[in-house]
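Me: Hi! Could you walk me through this one while I have it open?

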Amino acid sequence: MNINDVNEVKQEFQKLKELFDQGDKESAAQMIHELLEDIEQQEKDKEKTSGKDAVYLSLNHVMEYYIYVYYFKPETDVLTTELPIHEYYRTYGDLCMQIEKFHAAEAAYKKSIAWNPVDLDSILALAETYKYMNKLQKYLDTTKQAYRYCCTRATMARYYRNMGYYYLANYKPDIARACYVYSNIYYHTDNADNELKYLEEALKDQTPKLEIKQMQKIFDENQIQPGPESDTIGVVYRVGELMMQDGEHKLAKDCFSIVYDITQEKALEDLLNEL
């Protein structure tokens, strides 16, 4: 394989992932780790020879570029890699989780986040490793880090489920209940239902009918966010406008779909129907 050939590297990564899926998990994981080290070294060499003073990122979508710039305010140019390096590290982390190599998974997800600091999937995956490692404070801190980028109903629901787990593990069932109930308001899941059922059985008490104001009061008292980060929603909407101006209707639709999902605004629904 030629490490400088993007297509060959992509094919090699896919081949090794298939080898893992076929059952040769330990050796495949080791080979993927070695491939990632080669990719990273090759990328560093390219950066040196380019002579450019820049931040190099691996992104999923153009909106992430704007979210990154908004929050991190880089003082140099931001350039993107040809290979989805962050995705490769995240995938490697997922494979390590399957074979219960939690420290290797933690390192992989941190690498993924280094290549894409706004990749929500990698941040949530890192939080999950801390859950399995019973590092509750790190689990909480990483969940709070993820919150900033939760901008759909499903991801907000995940944020509240994570917070619910943290408070359940810390023997605070009333706060946990509020989190799981609120999670289901955003996006109903079996996971939240099962946790609420577990609490009912453990406490021998039915889930109370909590009012929104009651839950938001609990959240305010415990530094739990009562809704999505408005700045992130604003950035995604603005990117949609910019993509519309550039004639990139598919990218614009991606952005407006996210904002509509969380806001349910009628004007956005009409705009999406036109795109």
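Me: What share of the contacts with a separation of 6 or more comes from residues 24 or more positions apart?
Reply: They account for 60% of those contacts in the chain, where contact means heavy atoms within 4.5 Å. This is a predicted model, in which local features need pLDDT of at least 70 and side-chain atom pairs count only at pLDDT 80 or more, while totals for chains, interfaces and linings use all residues. Residues are numbered from 1 along each chain as its sequence is written, and side-chain values use heavy atoms, with hydrogens and water left out.

Me: Got one such long-range case? What does Val62 touch, leaving aside neighbours within four places in sequence?
Reply: Val62 is in contact with Val239, Met243 and Leu251. Val62 and Val239 are 177 residues apart in sequence, yet 8.2 Å apart in space, C-alpha to C-alpha. Val62 is found in helix α3 (residues 62-72); helices (H or I, at least four residues) and strands (E, at least two) are DSSP runs, numbered from the N terminus.

Me: And how does Val62 count by accessibility?
Reply: Val62 counts as partly exposed because its relative accessibility is 27%. Buried means under 20% relative accessible area, exposed over 50%, and partly exposed in between (1.4 Å probe, protein chains only).

Me: Zooming out, how many helices and strands are there?
Reply: The chain has 14 helices and two strands. Of its 275 residues, 44% count as buried, and its C-alpha atoms fill a box of roughly 60 × 50 × 35 Å, taken along the principal axes.

Me: Which residues touch the most other members of the largest nonpolar core?
Reply: Phe219 and Ile224, in a core of 88 residues. A nonpolar core is a set of buried Ala, Val, Leu, Ile, Met, Phe, Trp, Tyr and Cys residues joined through side-chain atoms within 4.5 Å. Beyond four places in sequence, the contacts of Phe219 include Tyr160, Tyr182 and Ile224. Phe219 also belongs to a cluster linked by ring pairs, along with Tyr147, Tyr159, Tyr160, Tyr182 and Tyr186.

Me: Nice, rings. How many aromatic pairs does the count come to?
Reply: The count comes to 16. Rings of Phe, Tyr and Trp (its six-membered ring) pair if their centres lie within 6.5 Å; planes under 30 degrees apart count as stacked, over 60 as edge-to-face and the rest as tilted. Phe13 and Tyr88 are stacked, because their centres are 4.0 Å apart and their planes at 10 degrees. That pair links helix α1 (residues 6-21) with helix α4, 75 residues apart, and both Phe13 and Tyr88 are buried.

Me: Why does the pair Phe102 and Tyr132 count as stacked?
Reply: Their ring planes are at 25 degrees, with centres 5.6 Å apart, so the pair is stacked. Phe102 is in helix α5 and Tyr132 in helix α6, 30 residues apart. Phe102 counts as buried because its relative accessibility is 19%, whereas Tyr132, at 52%, counts as exposed.

Me: Since you mention α6, what covers its buried residues?
Reply: The cover includes α4 (85-98), α5 (102-115), α7 (136-147) and α8 (153-169). Among the buried residues of α6 are Leu120, Ile123, Leu124 and Tyr130. Helix α6 (residues 120-132) reaches 19 Å from its first C-alpha to its last, close to the 18 Å expected, that being 1.5 Å times one less than its number of residues. Just after α6, Asn134 takes a positive phi of about 60 degrees.

Me: Last thing: where does Lys131 lie?
Reply: Lys131 lies over the face of Tyr165, at 4.5 Å from the ring centre. Arg148 lies over the face of Tyr71, at 4.0 Å. The rule asks for NZ of Lys or CZ of Arg within 6 Å of the ring centre and within 35 degrees of the ring normal.
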